[in-house]
Amino acid sequence: MAQFTLKINGKSQTVQASEDVPLLWVIRETLQLTGTKFGCGISQCGACTVHVDGQPMRSCQLQVSRVVGREITTIEGIREDHPVKQAWIDIQVPQCGYCQSGQIMSAVALVDENSDPSEEEIIRAMDGNLCRCGTYTRIKRAIQQAAQGVRNA
């Protein structure tokens, strides 16, 4: 076990973990930030998406030792009034909700970087975020609404 100081959601957190433990388990089990979900464990479904230095990354395959000194944001760190969160509510995106934190994290990264994404750019940014309930049409509409909100802000 090693000691790591991570910057998560703007706060420094010191944790004990093996160097190769996935960031997901540190977030969920050690820090009790359970909004980030475990889905597949092989970086294919997107449920575990977090931001590292503003970029969406799959935390289930990202070793904790590789994120020391980097800015990590989980779903709990996305401000409540972010246009993506409001659009998710307005459009009523979730059904079961399991994938939604990962979907939201990818959508926030997209609209924060590009406030006028094309349909193709939305599809590309969200590729790999799987929704078992198939709410992709609502997800796309919510991202379009959120992007409009970012442009108007």
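## Accessibility and the cysteines

A residue counts as exposed when its relative accessible area is over 50% and as buried when that area is under 20%. In this predicted model, Cys96 is exposed, with a relative accessibility of 54%, whereas Cys99 is buried at 9%.

How many disulfides does a search of the whole structure find? The search returns zero. A disulfide is a covalent bond between the sulfur atoms of two cysteines. The cut-off for such a pair is 2.5 Å between the sulfur atoms. For Cys96 the closest cysteine sulfur belongs to Cys133 and lies 3.7 Å away, so the separation is too far for a bond. Cys99 is likewise in no disulfide, and its nearest cysteine sulfur, in Cys131, is 3.9 Å away.

## Overall fold and dimensions

The protein chain contains five helices and five strands. Along the sequence these elements follow the pattern β-β-α-β-β-β-α-α-α-α.

The C-alpha trace spans about 45 × 30 × 25 Å along its principal axes. The radius of gyration is 15 Å, and a compact globule of 153 residues would have a value near 15 Å, so the two agree. Buried residues account for 43% of the 153 residues. Of the contacts between residues at least 6 apart in sequence, 57% join residues at least 24 apart.

## The sheet

The five strands form an open sheet with mixed pairing, in the order β2-β1-β5-β3-β4. Strands β2 and β4 (55-58) stand at the edges; each has a single partner strand, so one side of each is left without a neighbour in the sheet. Neighbouring strands are turned against each other by 45° on average, with direction ignored.

Strands β1 (residues 2-8) and β2 (residues 11-17) pair antiparallel over seven bridges. One of the residues involved is Ala2, whose bridge partner in β2 is Ala17. The two strands make a hairpin with two residues between them. In the turn, Asn9 has a positive phi of about 55°.

Elsewhere in the sheet, β3 and β5 (residues 71-73) run antiparallel and are joined by two bridges. Val52 has Ile72 in β5 as its bridge partner. Helix α3 (residues 100-113) packs on the sheet and touches β3, β4 and β5. The direction of α3 makes about 35° with that of β3.

## The aromatic pair

The count of aromatic pairs comes to one. Trp25 and Phe38 form this pair, with 5.3 Å from centre to centre and 35° between the planes, in a tilted arrangement. The tilted class applies because the angle is neither under 30 degrees, which would count as stacked, nor over 60, which would count as edge-to-face.

Which parts of the chain does the pair link? Trp25 is in helix α1 (residues 23-30), while Phe38 is in the loop between α1 and β3 (49-52), 13 residues apart. Both rings belong to partly exposed residues: the relative accessible area is 31% for Trp25 and 32% for Phe38.

Notes:
Residues numbered from 1 in each chain as written. Predicted model: local features only at pLDDT ≥ 70, side-chain atom pairs only at ≥ 80, totals over all residues. Heavy atoms only, no water. Phe/Tyr/Trp six-rings, centres within 6.5 Å; stacked < 30°, edge-to-face > 60°. Helix = DSSP H or I, 4+ residues; strand = E, 2+ residues; numbered from the N terminus. Buried < 20%, exposed > 50% of the residue type's maximum accessible area, 1.4 Å probe, protein only. Pairing = 2+ DSSP bridges. Axes fitted to C-alpha atoms, helices over the stretch in contact; angles between N-to-C directions. Contact = heavy atoms within 4.5 Å. Rg over C-alpha atoms; globule rule 2.2 N^0.38 Å.
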